[in-house]
Structure formats: structure tokens, C-alpha cells
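Open the model in your viewer and keep the sequence panel beside it. We will go from stop to stop, choosing something to select each time and looking at what is there.

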Amino acid sequence: MTSRERETYRHGDLRAAALAAAIAIVEKNGSNALALRGVADAVGVAHRSLYRHFKDREALIDAVAAEAYRRLAASVKVSRTPKEFAKRYASFALTEPHLYDAMMSRTSASISQDAELKEAADNLIAISLGVLSDPAEEVETRRRQVMKLWMGLHGGLSLHRSGLLRARSNRAFTEELLRVLELP
């Protein structure tokens, strides 16, 4: 057995190692740079080994997106006000742009077909409902309150990241976004 074979022989938790490598690739270079072969090389296994854990590249991106949803949820979960929620949401999107893009690239169909991704997205929605809406309101009214803020946040972030808003800095953008959204 060569030393290369010995180093790459039998991963303890290949799925977790592959996901960590995939997240690192996405954080650095975005989802377009993600390939099963690149992840396999990063963890030292044959790329065929990853197919036991991820059906294809899209399934790997779903797993990265699920982790991104969990990270965003952990960040906004401590929010006590809609304004604090919006600040934390914007901060995540601006400091983790490639993970945010991975989240936002997932379609409703892909989310509903992947249990892990669906659970992570549903958890963020539940946290959002708790922070952003009045529990005394009807469910549909609460959902609209959350969607209104999410649309404003995502739209503003998309415009800022594309350079169209010409904000002096991410901080200046966030302050303006909070004013535009008129959050308490």
C-alpha cells in the first residue's frame, strides 16, 4: 500500500468530510466551482465514493444550502425585533455571499424533495414567523408579514451586491435598507 492510499483509506464519516469540503469550496469560490471530483480530491477519496452519499452535484449543493439555512437561522434566532432580524439577515448575506447564493439558488421543488433542506428552510421560516409577526394575527397575515420583509431584504441585497445602489459600504447599505423597510 502506498502512503497516498494509506492517507485516503476509509474515511470515518465521509459524508460529513465531503460536506465540509464542499462548504469550503463554495465559501471561497461559489457554487459554480463545486464539483464532486473536486470535493473527492479535497477529502482524498475516489469521486465514485461520494455517490453513496450524494446522488449528484445538485444533491451536494442542496446539502450545502441546508447548512447555509442552518447558519442563517442560528444567526437570526437570537433577534428580539424585526430590525435586529433584518440586520443579522443582511450581515449573513453580505459576509457569506456564496453560501447565501447557494441557499437562494434552490427551487421550491428541490427544497420539497430533500428532507434535510426542507427541514432547514422550514426552521428558518418558523424562526422568522416568531420574530417578525404578531402571534395574535391570522396565519396568512403572519405569513405575508414575513414574506414582505424577506422580499425587501432579498431585493435590496441583490441590488446592493450587483452594485446598482452604489452604497459607500455594506454598513451604509444596511442602514439605508433598515430605513427603507421602516422596521421598528
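Start by selecting helix α2, residues 14–29. Its buried residues are Leu14, Ala18, Leu19, Ala21, Ala22, Ile23, Ile25 and Val26. What lies over them? The cover for these buried residues includes α3 (36–43), α4 (47–50), α5 (57–77) and α7, so add those to your selection. Remember as you look that this is a predicted model.

Stay with α2 a moment and draw a line from its first C-alpha to its last. Over 16 residues the helix reaches 22 Å, close to the 22 Å expected at 1.5 Å a residue. Step on to glycine 30, which follows α2 and has a positive phi near 90 degrees.

Now select valine 39. Leaving aside residues up to four places away in sequence, valine 39 touches Ala18, Ala21, Ala22, Ile25, Leu34, Leu50 and Leu60. Some of those names should be familiar, for Ala18, Ala21, Ala22 and Ile25 are among the buried residues of α2.

**The nonpolar core**

Valine 39 is also a good way into the largest nonpolar core, which has 56 residues. Which members touch the most other members? They are Leu34, Val39, Val64, Phe85 and Tyr89. Try showing these five as sticks. Next, colour the elements that give two or more residues to this core: α2, α3, α5, α6, α7, α9 (115–132), α10 (139–162) and α11 (170–181). The largest share comes from α5, with 12 residues.

**The aromatic rings**

Keep Phe85 and Tyr89 on screen and add Tyr100; together these residues form one aromatic cluster. A search of the whole structure finds two aromatic pairs. How are the rings of tyrosine 89 and tyrosine 100 arranged? Their centres are 5.8 Å apart and their planes stand at 85 degrees, so this pair is edge-to-face. Planes have to be over 60 degrees apart to count that way. Turn the view until you can see one ring along its edge.

The pair also links distant parts of the chain: tyrosine 89 sits in helix α6 (residues 82–95) and tyrosine 100 in helix α7 (residues 97–104), 11 residues apart. Are these two tyrosines buried or exposed? Both are buried.

**A loop threonine**

Move to threonine 81, in the loop between α5 and α6. Threonine 81 has a relative accessible area of 31%, so it counts as partly exposed. Its side chain reaches the backbone nitrogen of glutamate 84 at 3.0 Å. Setting aside residues up to four places away in sequence, threonine 81 touches Val131 and Pro184. For another distance to display, pick the C-alpha atoms of threonine 81 and glycine 130: they are separated by 9.9 Å, with their positions 49 residues apart along the chain.

**Three exposed stops**

Arginine 171 is in helix α11. At a relative accessible area of 64%, arginine 171 is exposed. Its C-alpha atom is separated by 13 Å from that of alanine 86, and the two residues are 85 apart along the chain.

Go back to arginine 166, in the loop between α10 and α11. Its phi is near 55 degrees, a positive value in a residue other than glycine. Arginine 166 is exposed too, because its relative accessible area is 76% and the cut-off for exposed is over 50%.

Then select glutamate 182, in the segment after α11. Here phi is near 50 degrees, again positive in a residue other than glycine. Glutamate 182 counts as exposed, at 69% relative accessibility.

**Zoom out**

Finally, show the whole chain as a cartoon. How many helices and strands are there? The chain has 11 helices and zero strands. Its C-alpha trace spans about 65 × 40 × 25 Å along the principal axes. Of the 184 residues, 41% count as buried. Among contacts between residues at least 6 apart in sequence, 63% join residues at least 24 apart.

Last of all, colour by pLDDT. The mean for the chain is 90, and 94% of residues reach 70 or more. Over residues 1–9, though, pLDDT is below 50, and this stretch has four contacts in the model beyond near neighbours in sequence. Where pLDDT is low, predicted coordinates should not be read in detail.

How values were computed:
Residues are numbered from 1 along each chain as its sequence is written. This is a predicted model: local features need pLDDT of at least 70, side-chain atom pairs count only at pLDDT 80 or more; totals for chains, interfaces and linings use all residues. Side-chain values use heavy atoms; hydrogens and water are left out. Rings of Phe, Tyr and Trp (its six-membered ring) pair if their centres lie within 6.5 Å; planes under 30 degrees apart count as stacked, over 60 as edge-to-face and the rest as tilted. Helices (H or I, at least four residues) and strands (E, at least two) are DSSP runs, numbered from the N terminus. Buried means under 20% relative accessible area, exposed over 50%, partly exposed in between (1.4 Å probe, protein chains only). The expected span of a helix is 1.5 Å times one less than its number of residues. Contact means heavy atoms within 4.5 Å. A polar contact is a pair of N or O atoms within 3.5 Å; within protein, one must be able to donate a hydrogen and the other to accept it, and residues adjacent in sequence count only if both atoms are side-chain atoms. A nonpolar core is a set of buried Ala, Val, Leu, Ile, Met, Phe, Trp, Tyr and Cys residues joined through side-chain atoms within 4.5 Å. pLDDT is the predictor's confidence in each residue, from 0 to 100.
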